[in-house]
There are 2 protein chains.
Amino acid sequence: VILRVLGSAAGGGLPQWNCGCTNCCAARAGDPATPSRLEESVAFSADGEDWFLIQASPDVRRQIESFPALWPRRPRHTPVAAILLTNGDLDHVLGLLCLRESQPLVIYATHEVRRGFVDGNSVYRTLERFPGQISWRPFDLDGEQPLLTADGSDSGLAVRALAAPGKRPLHLEGDGDPAPGDNVGLLIRDRRTGGRLAYFSALAALTAPVRQQLAESDCLFVDGTFWTDDELIAAGLGERRGRQMAHLPVSGPDGSLDFLRTLSAPRKFLIHLNNTNPLLRADSPERAALAAARVEVAHEGLELRL
Amino acid sequence: VILRVLGSAAGGGLPQWNCGCTNCCAARAGDPATPSRLEESVAFSADGEDWFLIQASPDVRRQIESFPALWPRRPRHTPVAAILLTNGDLDHVLGLLCLRESQPLVIYATHEVRRGFVDGNSVYRTLERFPGQISWRPFDLDGEQPLLTADGSDSGLAVRALAAPGKRPLHLEGDGDPAPGDNVGLLIRDRRTGGRLAYFSALAALTAPVRQQLAESDCLFVDGTFWTDDELIAAGLGERRGRQMAHLPVSGPDGSLDFLRTLSAPRKFLIHLNNTNPLLRADSPERAALAAARVEVAHEGLELRL
């Protein structure tokens, strides 16, 4: 599998439009240690021809233009075979409405994520202008499934969507009961090379099944939203702890780093970093602590082969 | 009034993500005659402190970062005093959902445009997380009204929203009857300098009131979506004529150019150009015909003072 990071920041990106925190100011000033970042998304492919996107971020148009493999090859065309959604947060789904130019789209998602975006959403009708404009393919939470291209042919890849502790999107808070399909991690397996990718960009806790899958992967992307649980509070920018927002912090006795440092995967990345996270500064002591655990911060333009 | 163009293209921008037409390919190849363009939006201000945006395009985050006057000046802040919407097309309103980081926003729009975005739109709840997150101020279609900053103080500017032939957004096609408030042009007047700006980025026809307002303005922005009525059909990229999509073409016996050439305003611009429009190529004969009528194509970064 070939993989390219299209965006590494949490919702709002870096800089965030209405934020004048240290990191946002450094990014605006062009500080080379604190580069601007787009909202979280990754593209992957078995063959370099058909591409799968994880998430459809609000930055999706810019992300497609940033990577020539995703450019159309005919007057009306896209190499995007399908889009995989891990939850219904707006920073993962809003870009679907940017991909509305009468182009058929295939979307893999759980029933909960599909309904959270489609039900009662009048603007979604812009994606229902002709029969078959959107083809939803449900994730099977019980096991691995083949990942099919737009025309239904075998991509050579398989995906397992694993329910992971998370939350419903903000616009559905308080609506109904939480369900396992609200938030998933993705396990991508290349059936030819055997390479295994684990992708958990929103993770409220490291459950035993999640730990096991991370331990068995060759490359992993894990929720790097917050370095500390009280990061927003300490910066005076919010009242909620990371855990209350369903993001396990990286540092601390119960953070993700203590587990990630024990894993032997050749490449271990954090992704979905909030604009307040000190890991966004390449010269921060927090980044040095990360490197000591052989964990990296994902960045736009990063390409890997598994 | 100080004015800055943030985006000059129609929905989809240039290049459009799934389009391999001549213009989109030239823009991707970096042809200096065919620069990339963002989706239509303009910022204006009386004093350079408080800024008003026309439209909230899907490119709004990038547009704010492109113009330092729109950057926050404190840890949580925006110089955007209000956003003015001329119709409910997604390329004008989708950006509102990108401006959701717990920031109070003021939006000027007609009742029809507000309801077309708010009613039955579950994702809009992300902009209703606390009382007063969004303050809608209705346009008065019967006359001029003062343009107020976020805290309700006088901006020194006045606005008149003039009903103009247009259409409802695609996601509401077939819902209810057309109304005058579906699409408006904006007439901005600086009460100190007397400068007058006319802004009609979607215009299905040049009615007598529209002609009169354009004739009395010092600077005008007019719908430049299509050069010819059958542009999409001729390119093999669509089945509808420009007029069927509520966009009067620029050229031809009943096009807008024949009227615009008669106007003596010092600056006359086309804006909201579709990716198929030959005017996007600076070296095209169509662009030369435009220049002969003293009409310009708006472009990102253009700044004016009236």
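**Calls and cut-offs in a predicted two-chain model**

Author: Leaving aside residues up to four places away in sequence, A:Asp190 touches A:Val1, A:Gly156, A:Leu157, A:Gly195 and A:Leu306. Keep in mind that this is a predicted model. A:Asp190 itself belongs to strand 9 of chain A, residues 184–190.

Reader: What makes you say A:Asp190 has no salt bridge?

Author: The nearest side chain of opposite charge is A:Arg192, and that one is 4.6 Å away. A salt bridge needs the nitrogen and the carboxyl oxygen within 4 Å, so A:Asp190 goes without one, although it is buried.

Reader: Which backbone nitrogen lies 2.6 Å from a polar atom of the A:Asp190 side chain?

Author: That of A:Val1. The cut-off for a polar contact is 3.5 Å, and 2.6 Å is what this pair shows.

Reader: How many salt bridges are there over all chains?

Author: The count is 34.

Reader: What makes A:Glu39 and B:Arg61 a salt bridge?

Author: Their closest N and O atoms are 3.9 Å apart, and the limit is 4 Å, so the pair makes the list. A:Glu39 sits in the loop between helix 1 and strand 2 (41–45) of chain A, while B:Arg61 is in helix 2 (residues 60–65) of chain B, so this one joins two chains. Both A:Glu39 and B:Arg61 are buried. The two also share a salt-bridge network with A:Asp59.

Reader: Why is the pair of A:Asp229 and A:Arg243 said to tie together parts that are apart in sequence?

Author: First the bridge: the closest N and O atoms of A:Asp229 and A:Arg243 are 3.5 Å apart. A:Asp229 is in the loop between strand 11 (219–223) and helix 6 (231–234), and A:Arg243 is in the loop between helix 6 and helix 7 (257–260), so the parts being tied are 14 residues apart.

Reader: Are those two buried or partly exposed?

Author: One of each. A:Asp229 has a relative accessible area of 14%, and buried means under 20%, so A:Asp229 is buried. A:Arg243 comes out at 38%, which makes it partly exposed.

Reader: Where are B:Arg73 and B:Glu49, and how many residues apart?

Author: Their side chains meet in a salt bridge at 3.3 Å, N to O. B:Arg73 is in the loop between helix 2 and strand 4 (80–84) of chain B and B:Glu49 in the loop between strand 2 (41–45) and strand 3 (51–54), with their positions 24 residues apart, so the pair links distant parts of the chain. B:Arg73 has 42% relative accessible area and B:Glu49 has 46%. Exposed starts over 50% and buried ends under 20%, so B:Arg73 is partly exposed, and B:Glu49 is partly exposed too.

Reader: Now cysteines. How many disulfides does the structure hold over all chains?

Author: Zero. Take A:Cys25: the closest cysteine sulfur is in A:Cys21, at 6.8 Å, so a bond is out of reach. The cut-off is 2.5 Å.

Reader: Why is A:Cys25 called partly exposed?

Author: Because its relative accessibility is 38%, which falls between the 20% and 50% limits. B:Cys219, at 0%, is buried.

Reader: How do you know which peptide bonds are cis?

Author: Look at omega: it is about -5° between A:Leu14 and A:Pro15 and near -5° from B:Leu14 to B:Pro15. A:Pro15 lies in the loop between strand 1 (2–7) and helix 1 (22–28) of chain A, and B:Pro15 lies in the loop between strand 1 and helix 1 of chain B.

Reader: What is the phi of B:Ala246, and what is that of B:Arg294?

Author: B:Ala246 has phi near 65°, positive in a residue other than glycine. B:Ala246 is in the loop between helix 6 (231–234) and helix 7 (257–260) of chain B, and its 8% accessibility makes it buried. B:Arg294 has a phi near 55°, again positive and not in a glycine. B:Arg294 is in the loop between helix 8 (285–292) and strand 13 (296–297), and is partly exposed at 45%.

Reader: What turn and shift lay chain B on chain A?

Author: A turn of 180° with a shift of 0.0 Å along the axis, giving an RMSD of 0.0 Å. The copies are therefore related as by a two-fold rotation axis. In chain B, the residue closest to that axis is B:Asn121, with its C-alpha 2.2 Å away.

Reader: How do you know the copies meet through the same surface?

Author: Because 100% of the interface residues of chain B are also interface residues in chain A.

Key: Residues numbered from 1 in each chain as written. Chains lettered and ligands numbered in written order. Predicted model: local features only at pLDDT ≥ 70, side-chain atom pairs only at ≥ 80, totals over all residues. Heavy atoms only, no water. Buried < 20%, exposed > 50% of the residue type's maximum accessible area, 1.4 Å probe, protein only. Least-squares fit on C-alpha atoms with pLDDT ≥ 70 in both. Contact = heavy atoms within 4.5 Å. Helix = DSSP H or I, 4+ residues; strand = E, 2+ residues; numbered from the N terminus. Lys, Arg positive; Asp, Glu negative; His and termini not counted. Polar contact = N/O pair within 3.5 Å; in protein donor to acceptor, adjacent residues only side chain to side chain.
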